[in-house]
Amino acid sequence: MTEAAEHKSGESQAFQADVARLLHLMVHSIYSDRDIFLRELLSNGADACEKLRYEAIAHPERAPAPFAIKIKADKENRRLTIEDNGIGMTREDLADSLGTIARSGTKAFLDTLTAEVQEEAEREAEADRPQKTGPASDLIGQFGIGFYSAFMVADKVDVTSRRAGSDQAFNWSSDGKGTFTIVPVPLEDAPAPGTRVTLHINDASQNYLEPYEIERIVREHSSALAVPIEIIEPAKPEEGTEEGEKAGENKGEETRRLTDGAALWTKPKSAITPEQYTEFYRDVAGQFDEPALTIHWRAEGRHEYTVLAFIPSLRPFDLFDPARKGRGRLYVRRVLITQDAELVPHWLRFVRLVVDSNDLPLNVSREMIQESPVFAAIKKGVTNRILQELTKLSENEPEKFATIWEHFGSVIKEGLYEDAERRDGLFKIARFATSTHTDGGRALKDYAANLRENQTAIYYLLGDDLKRLAASPQLEGFRKRGIEVLLLADHIDAFWVSTAVGFDGKPFKSVTQGAADIKNVPLAEGEEDRSAAADAGGLAALFAFMKQTLGENVEDVRTSDRLSESPACLVASDFGPDRHVERMLAEHGHLGKAAKPIFEVNPAHPLIEALNADLASPDKEKLEDIIWLLFDEARLMEGEQPADAPHFASRLTRILLKAAKSAEKAGV
Ligand code: ADP
């Protein structure tokens with residue numbers, strides 16, 4: 001039992017700290033669209049009905065028939081009630097669910113509201129001027145806010161509930177100012193079973209007591225719920241009360257159905273409007289953007305199931321949470337089995353979907369359903385179809401696909417590593433930034449079509465910053481030869497690229513690893529290879545001196561094929577991991593120490609030529625300083641720190657001083 005629930009009846013209990021914070025923001029209506037309170041309450045009511053529908057498989061006596069959510073406005077008493085005949089709540093449920101933040105989305109919403117945004121939100125709140133603009137409101141719009149949104153429109157909220165199968169009922173009550181109470185109520189005053197939420201509508205929100213207003217909101221936001229929504233109104237005198245009586249209402253009231261409650265996915269596509277799809281997506285995703293792609297199909301054949309899948313247009317907040325799995329709602333013949341079935345692999349975890357199967361068994365546990373071979377077959381079918389739809393989109397509507405890739409490409413690429421079976425399919429849709437297409441969006445097949453004469457590999461450069469990669473000296477020689485290089489800056493890139501065999505018969509090769517081997521590729525038009533002309537043989541003594549100076553810090557010093565503008569760079573040896581991978585491994589403590597790099601030198605660079613000419617000079621300190629500075633410069637270009645910062649600083653100062661003095665002497 002929770003601490004809150006241990007309190008005696010009626011004693012007032014404090015909300016969890018986060019709830020208090022949220023309520024403050026809510027009540028001050030930073031969320032400009034107050035209408036959403038109804039959407040949230042109706043969605044809770046529908047969830048409660050779906051839970052009871054499931055429980056009734058094991059306890060048929062608990063099922064009320066039929067399920068419905070009823071809304072009633074009492075203008076005179078300024079009350080709006082929303083009543084469902086779903087699963088209901090026990091006293092503990094009331095304390096836990098409505099006294100704490102049960103919903104992960106709400107918690108994340110609060111966490112995402114950074115101090116700055118929150119300040120802005122609170123300023124807006126203080127000024128009592130709800131706005132739709134500004135980061136706070138944009139941000140809030142992405143989340144479902146849940147039950148507490150009721151306090152945007154109500155001074156006080158009562159929740160009377162009876163759990164299905166229980167013979168006790170309770171009333172939870174709060175004015176949303178920091179405390180709530182829970183008291184037992186007689187059974188005849190409570191739904192049997194279910195939950196009645198009574199809102200004591202505040203002065204500013206009287207419009208929500210108008211039936212046409214309620215109807216508008218229901219149609220706009222809740223028509224895709226899988227439970228019918230009804231409104232109870234005073235009977236219209238001229239029509240008599242016959243109809244009302246038929247519906248089982250008395251006191252001159254009649255019930256009017258606003259939505260049919262038929263599961264959206266069971267309807268033919270042609271009968272569903274884009275708005276209904278969007279609304280349904282929002283309910284499934286708990287996110288309030290528009291879907292970027294909607295896929296709705298019915299699989300027939302060995303297994304029969306219907307799928308309604310959405311790709312969001314915004315990244316869900318927990319996209320990179322390691323605990324986040326590919327989640328979807330699994331129904332078996334219209335009965336909701338679970339909200340988070342693993343219906344798609346990890347690399348499709350941003351897809352929100354509903355699957356309704358006719359073949360899965362209903363009368364076994366949730367866990368067993370998901371372990372059945374039929375479930376595995378459905379998962380495979382769903383995954384293949386989504387990949388197929390993405391492929392089609394990439395071919396037919398590249399722009400639309402580009403936005404999806406922009407948001408989720410780094411997640412989809414995880415499939416290149418984890419899902420060997422679909423790797424080829426994924427290579428078809430994967431898009432990359434390259435040295436010639438730094439904005440991204442380059443397909444591998446276009447890269448492959450652009451290979452240069454004698455080019456034997458697909459080259460890539462790994463790192464964690466695209467801008468730095470694009471400016472890397474390692475690319476110079478490749479540019480000169482017109483060789484395109486993939487710039488891979490996502491975390492996952494290091495993994496798939498080192499395990500993939502290749503694409504289109506060409507292996508993937510890191511430009512920072514081993515000898516560049518690009519001499520056989522002809523220079524691009526108008527380029528000359530100065531390094532070839534330079535007398536590399538004459539540099540042997542300089543290289544030996546460099547090696548001696550840098551000592552244990554390098555494996556070797558050699559001439560470079562890959563440089564043209566820069567004097568030097570660092571590469572990994574031919575065997576062993578790429579430098580970036582090595583760094584990543586070292587950061588995660590997987591290798592004792594990163595292997596030593598090879599220091600590659602551009603023989604045609606004037607600085608190298610000057611150093612070579614100066615080799616006999618008595619000022620050995622200057623030579624050493626320059627060599628160390630070159631080494632540290634190469635490290636900096638890779639996004640690393642100088643090997644030894646204090647030495648780096650003193651050497652730089654010494655060289656600058658010498659340069660300044662010689663300039664002075666020369667009278668510059
Ligand atoms: P969410 O619905 O996303 O979990 P809410 O803040 O809207 O977040 O609701 C919190 C919890 O309160 C729900 O998860 C559910 O357990 C419970 N709850 C809310 N409304 C109802 C209801 N009408 N019937 C049963 N339980 C409810």
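Trainee: Which residues of helix α21 (residues 540-550) are buried?

Mentor: They are Leu542, Phe543, Phe545, Met546, Thr549 and Leu550. Buried is under 20% relative accessible area, exposed over 50%, and partly exposed in between (1.4 Å probe, protein chains only). Helices (H or I, at least four residues) and strands (E, at least two) are DSSP runs numbered from the N terminus. This is a predicted model, where local features need pLDDT of at least 70 and side-chain atom pairs 80 or more, while totals for chains, interfaces and linings use all residues. Residues count from 1 along each chain as its sequence is written, and side-chain values use heavy atoms, without hydrogens or water.

Trainee: What makes the buried residues of α21 line one face of the helix?

Mentor: Seen down the axis, they fall within an arc of 160°, so they share one face; the arc is taken from the directions from axis to C-beta atoms. That buried set packs against β20 (556-559), β22 (598-601), α23 (606-613) and α24 (620-637), contact being heavy atoms within 4.5 Å.

Trainee: Why is Asp504 called exposed?

Mentor: Its relative accessible area is 60%, so Asp504 passes the exposed cut-off. Asp504 sits in the loop between α19 (493-499) and β19 (508-510), and its phi is positive, near 55°.

Trainee: And why is Arg333 called partly exposed?

Mentor: At 39% relative accessible area, Arg333 falls between the two cut-offs, so that label fits. Arg333 belongs to the loop between β12 (328-332) and β13 (335-341). With phi near 45°, Arg333 has a positive value in a residue other than glycine.

Trainee: What is the phi of Gly551, just after α21?

Mentor: Gly551 has a positive phi of about 50°.
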